[in-house]
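Me: I'd like a close look at one single part of this chain, and a bit about the whole chain around it. Could you walk me through it in plain words?

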Amino acid sequence: MREIFAGLPWWVKWIAVPVIALLVFGGLIVSVVQVVVGLLFKALVFVALVGGLIYVVKKFTAGSSSRGDW
């Protein structure tokens, strides 16, 4: 493989080959990026919701414990 690329100009190695790879695998790359971004967004929403729930529960339990234990 190195012998094949050794005789080619620099622009073929650094411009043409990556452009062809993006054209061929572009749809796959976009799909993978969409899945990863979607999972990260869902994880962020999950963490925010759990954090909000913990905040609300602690706020209400702190207020109810001052009234007296059951």
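Here is a walk from one residue out to the whole chain.

Reply: Let's take Ala-62, keeping in mind that this is a predicted model. You'll find Ala-62 in helix H2, which covers residues 10-65. Is Ala-62 tucked away or out in the open? Somewhere in between: its relative accessibility is 45%, and partly exposed means between 20% and 50%, so Ala-62 counts as partly exposed.

Now pick a second spot, Ser-31. Ala-62 and Ser-31 sit 31 residues apart along the chain, and their C-alpha atoms are separated by 46 Å.

Zoom out, and the chain has 2 helices and 0 strands. Its C-alpha trace spans about 85 × 20 × 15 Å along the principal axes. The radius of gyration is 27 Å, while a compact globule of 70 residues would have one near 11 Å.

As for burial, 3% of the 70 residues count as buried. The accessible surface of the chain is about 6600 Å², and carbon and sulfur atoms account for 78% of that surface.

Note on methods. Residues are numbered from 1 along each chain as its sequence is written. This is a predicted model: local features need pLDDT of at least 70, side-chain atom pairs count only at pLDDT 80 or more; totals for chains, interfaces and linings use all residues. Side-chain values use heavy atoms; hydrogens and water are left out. Helices (H or I, at least four residues) and strands (E, at least two) are DSSP runs, numbered from the N terminus. The radius of gyration is taken over C-alpha atoms; the globule rule is 2.2 Å times the number of residues to the power 0.38. Buried means under 20% relative accessible area, exposed over 50%, partly exposed in between (1.4 Å probe, protein chains only). Accessible areas come from the Shrake-Rupley method with a 1.4 Å probe; for residues, only the protein chains shown count as cover.
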